[in-house]
Amino acid sequence: MNKLEITNINNLLEAPKKIVIVSHKNPDGDAIGSSLGLYHYLLKGGHDVSVLMPNDYPSFLKWIPGNDIILRHDSQKTECDELINNADIIFTLDFNAFHRAGNMETALTQSKAKKIMIDHHQAPDDYADYTFSDTNMSSTCEMVYHFISMLNDTNLLDETIATCLYVGIMTDTGSFRFSSTSSKTHQIVAQLIEKGAKNDEIHNDVYDTNSFERLQLLGCALNNLKVIPESRAAYITLSQEELNKFNYKKGDTEGVVNYGLSLENVVLAAIFIEDKNEGIIKISLRSKGNFSVNEMSRLHFDGGGHTNAAGGRSSLSLNDTVEKFISILSTYKKALNNE
């Protein structure tokens, strides 16, 4: 964002406004953390702020300060659509195309509100009045910190805001191990801790609340792990039957794909999860080095994301989706073996 845009946003926020914060379908730690962090910041400016999510999210994120004010469009459509329709300003966080907001797409498209995008994914759509887009950032939470800093309001950061932003940075960096974790990321995290974010408690609340059934499902997933040595690839499958057997709950497969990527000499990992309710196979892709799973997902699986982390979907059966994945690996043989 340039100085003029920041000045305009400052002027826009000078007087109390009706503000809606929206994030993407199947919200993760960065979506919830950035939305609630921005929510608590905007409250300090006297604004009337609402946070809307397209659908439900994992229980291990429901302790984050402000969680109780979040509205879900899938169960509170009328209220959510009305808030969008009456908003003066809409912040879209952690996504850059309206279809990523699920069934809120229509309301967002029709809204006359000023729109501000804060996002770190590739190839943003041109819908926002003000766009803060940077694919080099570790997370949208890190970008929200920078956004507050650009508005010269870091003095307003407190333990609540710091906790929210810490969650998203921690989860989107894989606990600070991904290449997107820069020295600046660590500097920001240090400041969040100084503001009161309790890093040990946050980590425990997100990662150490497993149910017995979730660990059993992980065991099932690892038992299904397959390796394709010649392509330096690995994949995991989970059928609807297997999910039901272990009483699957939203968030139970979070991070499972990374086990495939942890194997020696593997640079590409995928997980294919059957969803009979939506009639699709949900796909998560991860990679090491310069191999772009964002490109692979966009070309073959109706998705996208980052260079090393992307999602997608398939309308084929679970077996046919896996066969498609295996069949396209030959296209990327050189790139995979150059990593």
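**Surface and charge.** I looked up the accessible surface of the chain in this predicted model. The total is about 15,400 Å². Carbon and sulfur atoms account for 45% of that area. I then went through the charged side chains and noted 31 positive and 44 negative. The centres of the two sets lie 3 Å apart.

**Overall form.** I checked the radius of gyration next. The chain has 20 Å. That agrees with a compact globule, because 339 residues would give a value near 20 Å. For the C-alpha trace I noted spans of about 60 × 45 × 40 Å along the principal axes. I listed 14 helices and 12 strands.

**Burial and contacts.** I asked what share of the 339 residues is buried. The answer is 52%. Then I took the contacts with a separation of 6 or more. Of these, 65% join residues 24 or more positions apart.

**Helix α12.** I turned to α12, residues 293-300. Which of its residues are buried? I found Val293, Asn294, Met296 and Ser297. Seen down the helix axis, these buried residues fall within an arc of 165°, so they line one face of α12. I followed that face to its partners. The buried residues of α12 pack against four strands and a helix: β9 (268-275), β10 (280-287), β11 (304-305), β12 (309-314) and α13 (318-329).

**Asn85.** I located Asn85 in helix α3, residues 77-86. Buried or exposed? Asn85 counts as exposed, because its relative accessibility is 59% and the cut-off for exposed is over 50%. I also looked up its distance to Ser50. The two are 35 residues apart in sequence, and 12 Å apart in space from C-alpha to C-alpha.

**Positive phi.** I kept one rule in mind for the backbone: most residues other than glycine have a negative phi. I noted two residues that go the other way.

Asp94 has a phi near 70°, a positive value, and is not a glycine. I placed Asp94 in the loop between β4 (89-93) and α4 (105-110). At 1% relative accessibility, Asp94 counts as buried, since the cut-off is under 20%.

Arg232 is not a glycine either, yet its phi is positive at about 55°. I found Arg232 in the loop between β7 (226-228) and β8 (233-238). Where does its side of the accessibility scale fall, buried or exposed? Arg232 counts as buried, because its relative accessibility is 12%.

Terms used
Residues numbered from 1 in each chain as written. Predicted model: local features only at pLDDT ≥ 70, side-chain atom pairs only at ≥ 80, totals over all residues. Heavy atoms only, no water. Helix = DSSP H or I, 4+ residues; strand = E, 2+ residues; numbered from the N terminus. Rg over C-alpha atoms; globule rule 2.2 N^0.38 Å. Buried < 20%, exposed > 50% of the residue type's maximum accessible area, 1.4 Å probe, protein only. Contact = heavy atoms within 4.5 Å. Areas by Shrake-Rupley, 256 points an atom, 1.4 Å probe, with all protein chains shown as cover. Lys, Arg positive; Asp, Glu negative; His and termini not counted. Charge placed at Lys NZ, Arg CZ, Asp CG, Glu CD. Arc of directions from axis to C-beta.
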